[in-house]
Every structure is written in structure tokens, then in C-alpha cells.
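Here is a set of short exercises to work through with the model open beside you. Try each task first, then follow the solution step by step.

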Amino acid sequence: MTESKPDTARALVLEEFNKPFVLREFPLPEPRDGEVLARVVAAGICGSDLHMQRGHDPRTPLPIIPGHEGVGEIVAIDDGATLHDGSPLEVGMPVVWERSLTCGKCYFCLRNERYLCVERKIYGINMSSADPPHLFGNYATHILLNKGTSIYKRDTSIDPAILVSATCSGTTAVHAHEYAEIKGGETVLVYGSGPVAAFQIALALDSGAKWVVVITRAPGRKADIALEFGADEVIFKSDMDSCKLMNYILYQTDKIGVDVVIDTTPDPNIFNEAVQVLRRGGTYVNPGLAVPADPIPVELYSAVVNKDLTIRGVWAGDASHLGKSIELVQSGNYPFDKLVTHRFKLEEHEEAWRVLTSKEGVKLVFEP
Ligand SMILES: [Zn+2]
Ligand SMILES: [Zn+2]
């Protein structure tokens with residue numbers, strides 16, 4: 001591994017869709033206008049980064065330094081920059097930063113629905129590296145955080161690689177959990193068994209859910225992790241078609257159906273099965289569909305209206321969701337360490353992409 005000079009940052013750059021990243025060097029910028037320069041200690045590799053690299057995310061400008069999930073420490077601070085709660089930042093402070101920043105002035109920001117901000121900027125997603133100071137993605141040794149980015153101090157007893165999930169999966173999951181409004185004694189069905197699902201299991205259990213069941217494709221590490229997080233049961237798609245599942249859920253819930261379904265998968269076809277197993281008056285929440293997908297037919301009357309269902313889409317999350325997500329990981333109450341299956345240096349990006357594409361890992365992390 002080549003160590004960069006102290007005044008140089010190294011970063012992976014996506015210059016062309018469907019091509020490997022290019023490792024480039026950039027001058028280290030001096031923070032101005034309330035900016036903060038941070039060293040990236042761990043950067044999460046997200047499923048949505050694969051969609052982006054393939055050109056499936058309509059927001060992607062080229063060239064770009066990908067990576068919206070970052071954990072690290074403060075290198076330099078411009079006057080006026082603070083932690084999320086206004087308390088002072090210090091050089092060397094271990095921190096976690098929010099994946100996005102919002103304008104604070106638009107219709108949505110003023111309603112405190114900042115995840116819908118019309119000018120929402122997301123590191124590594126829609127901020128190009130074309131022009132100086134370039135460093136707006138986490139697949140890098142350093143990132144320049146714009147004024148207004150929420151920065152949280154982190155607990156150094158927690159491995160930074162474990163915390164990266166809090167910045168994306170965890171933030172979205174906390175947001176989804178708010179919409180799910182799970183009450184003590186309720187039953188919850190979670191589709192999928194990746195990092196978002198792990199957070200949903202933990203949050204549902206903390207809300208007093210009495211039966212948390214996970215549906216995933218087949219046995220394997222992710223299914224084991226769901227059980228280690230405390231899911232009561234894992235059902236494999238390979239064993240149960242929709243009809244069998246429906247019968248099983250009705251049998252388990254005194255013919256009522258589950259109170260809440262949370263779909264963390266990117267498969268829109270699950271919707272019709274999910275609303276079928278929901279009880280009348282139940283709630284369906286979708287934090288899983290992050291890129292455009294084909295339309296699906298829906299029996300709106302019988303599947304939704306007549307059942308008086310609540311259907312909630314979930315788009316990203318805000319700084320308050322990030323704060324709760326960090327707290328949950330740092331609580332030590334759930335085995336978030338189990339999620340991190342692979343660690344890579346920036347130079348190993350081609351191998352990282354092979355593992356990401358093969359889906360053999362759970363959470364993959366760059367440690368620049
Ligand atoms: Zn992500
Ligand atoms: Zn706004």
C-alpha cells in the first residue's frame with residue numbers, strides 16, 4: 001500500500017459507468033465557509049453504490065467519488081463549524097457524519113421533512129468530483145464536509161466499520177420504524193435480511209413487538225444474523241409460496257394477520273403478498289426500494305382500501321434518525337459487529353466489487 005503524502009488525499013473515482021473505479025490523488029483542501037475536513041477511517045459499501053456504478057441511479061453525475069457512508073476523525077475545521085448540537089469540534093475528534101445535507105429553506109425543510117429537501121445534496125451520490133475541492137465522497141482517505149452537515153461524536157470503543165451501517169441503513173430504518181408505529185404486543189413481519197432488516201428487528205423488539213418474523217430467500221449467514229438479532233423466526237422463500245405463507249401467518253395470528261410489514265427488499269413484487277398477510281387496519285412500510293423499478297398491478301379495493309391499510313414509503317432519513325441509529329449501535333444491545341463481513345483497502349476495489357456483485361457478504365467496508 002502506498003501512503004499518501006500528508007497534503008494529498010487518495011480517492012476512488014467513478015469516471016465511466018460499468019467500469020472499475022480509478023484511484024486518483026487530490027490536493028488536501030483547506031476548509032472554508034464553515035467546512036470541515038475529515039479523515040475517513042471506514043466507508044460503507046452500499047447496495048445502492050452498485051446500482052450507481054452500473055448507471056441505474058438517475059442522480060449520478062460523472063466523475064464522482066462514491067460512498068455516502070462515512071466514519072472517521074476531524075483533520076481541520078473552519079470557524080463556525082460545530083457538532084450537530086452546536087458544541088465545539090476539535091481536531092482529532094472521532095466522529096460520524098450525516099450522508100446528506102439540506103438547504104433548510106425549502107417547503108420541505110421548513111416542515112421538518114428534510115429528507116425531501118428539493119436541494120438535498122448527498123455525499124458520493126449526487127456531488128461530482130469534477131471541480132476543486134473534489135472530495136465529496138467517502139471512498140477516499142479524506143472528505144470535505146460542507147457547512148450544515150450534521151456531525152456526531154462517536155464512541156471509540158466501537159469499531160468504526162460497525163458504525164458505518166448507522167449512517168445509511170440505520171438512519172433509513174429508524175425513519176421507517178417511526179412510520180411503523182409498533183406497539184407493545186404487536187406482530188411484525190420483516191422482508192429481507194440485510195443491514196436494514198437487522199436494524200428493523202432491533203427497533204421492533206425495543207418497541208415491545210411480541211413476534212418478529214423475517215422472510216428471506218434461503219438459509220445462510222444473513223438468516224443466522226436475523227436470529228442472532230432476536231428475530232423469533234426466519235422463513236425461507238424457497239420453502240413457502242405466497243399461499244403457504246398466508247396460511248401460516250393466519251395460523252400464527254389467530255386468523256387476524258400481522259400488524260406491521262416492513263419490506264427492506266428492492267423487489268416491488270413483494271407488495272401484493274405483503275398486504276395480503278397484513279391484518280385489516282395494518283401498516284405496510286417500505287424502506288427497501290432505492291432505485292426505480294417496474295410497475296406492479298394492485299387490487300386497490302380489496303388489498304388496500306377495504307382493509308383500511310396504511311401504506312408508507314420511506315425516503316432516506318434526517319439527522320435525528322442518524323442520532324438514534326448511532327445510539328442503537330453504540331448501545332451494544334445487538335450484535336451489529338456480525339454485519340461486517342468484508343474489509344478492503346481502496347486499492348482492493350476490484351475485489352470489493354466482485355464480492356459485492358456476488359452477494360456473498362453482508363456489510364462490506366473500505367478502510368482507506
Ligand atoms: Zn447506503
Ligand atoms: Zn430544503
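**Exercise 1. The core**

How many residues does the largest nonpolar core have, and which have the most contacts inside it?

*Solution.* A word on the material: this is a predicted model, in which local features need pLDDT of at least 70 and side-chain atom pairs count only at pLDDT 80 or more, while totals for chains, interfaces and linings use all residues. Residues are numbered from 1 along each chain as its sequence is written, and chains are lettered from A and ligands numbered from 1 in the order in which they are written.

Step 1. Fix the terms. A residue is buried if 20 or more other C-beta atoms lie within 10 Å of its own, exposed if 12 or fewer, and partly exposed in between, with C-beta atoms placed from the backbone. A nonpolar core is a set of buried Ala, Val, Leu, Ile, Met, Phe, Trp, Tyr and Cys residues joined through C-beta atoms within 7 Å.

Step 2. Read off the answer. The largest nonpolar core has 101 residues, and Val188 and Ile201 have the most contacts inside it. Helix H3 (residues 160-180) gives the most to this core, with ten residues; helices (H or I, at least four residues) and strands (E, at least two) are DSSP runs, numbered from the N terminus.

Step 3. Place the core. Domain 1 (8-154 + 335-366) and domain 2 (171-313) both contribute residues, so the core lies between them. The domain bounds come from an automatic or database domain assignment.

Step 4. Look around Val188. Leaving aside neighbours within four places in sequence, its contacts (C-beta atoms, placed from the backbone, within 7 Å) include Ile182, Ala204, Val212 and Val260.

**Exercise 2. Two domains**

Work out how far apart the domains lie and how many residues touch.

*Solution.* The C-alpha centres of domain 1 and domain 2 lie 30 Å apart. Across the boundary, nine residues of domain 1 are in contact with ten residues of domain 2.

**Exercise 3. The parallel sheet**

Trace the order of the six strands in the open sheet, then find its edges.

*Solution.* Step 1. The order is S12-S11-S10-S13-S14-S15, with parallel pairing; two strands pair if DSSP finds at least two bridges between them.

Step 2. Strands S12 (233-236) and S15 (310-313) stand at the edges with a single partner strand each, so one side of each has no neighbour in the sheet. From one strand to the next, the twist averages 20°; axes are lines fitted to C-alpha atoms, for helices over the stretch in contact, and angles run from 0 to 180 degrees between N-to-C directions.

Step 3. Follow strand S11 (residues 211-216). Four bridges join S11 to S12, and isoleucine 215 stands opposite isoleucine 235 in S12. S10 and S11 pair over five bridges, with valine 190 opposite valine 214 in S11. Five of the six residues of S11 are buried.

Step 4. Add a helix. Helix H4 (residues 195-206) packs on the sheet, touching strand S10 (187-191), S11 and S13, and its direction makes about 170° with that of S11.

**Exercise 4. One face of a helix**

Which residues of helix H5 (residues 221-228) are buried, and why do they line one face?

*Solution.* The buried residues are Lys222, Ile225 and Ala226. Seen down the axis of H5, they fall within an arc of 105°, so they line one face of the helix; the arc is that of the directions from the helix axis to the C-beta atoms. Their cover includes H4, S11 and S12. Glycine 230, whose phi is positive, near 115°, follows H5.

**Exercise 5. Backbone exceptions**

Locate the cis peptide bonds and the positive phi values at asparagine 112 and aspartate 308.

*Solution.* Step 1. Recall the background: most residues other than glycine have a negative phi, and most peptide bonds are trans.

Step 2. A cis bond joins leucine 62 and proline 63, with omega about -5°. Another joins proline 132 and proline 133, with omega about 5°.

Step 3. Asparagine 112 has phi near 65° and counts as exposed, with 8 C-beta neighbours inside 10 Å. Aspartate 308 has phi near 55° and is exposed too, with 10 such neighbours.

Notes
Contact = placed C-beta atoms within 7 Å.
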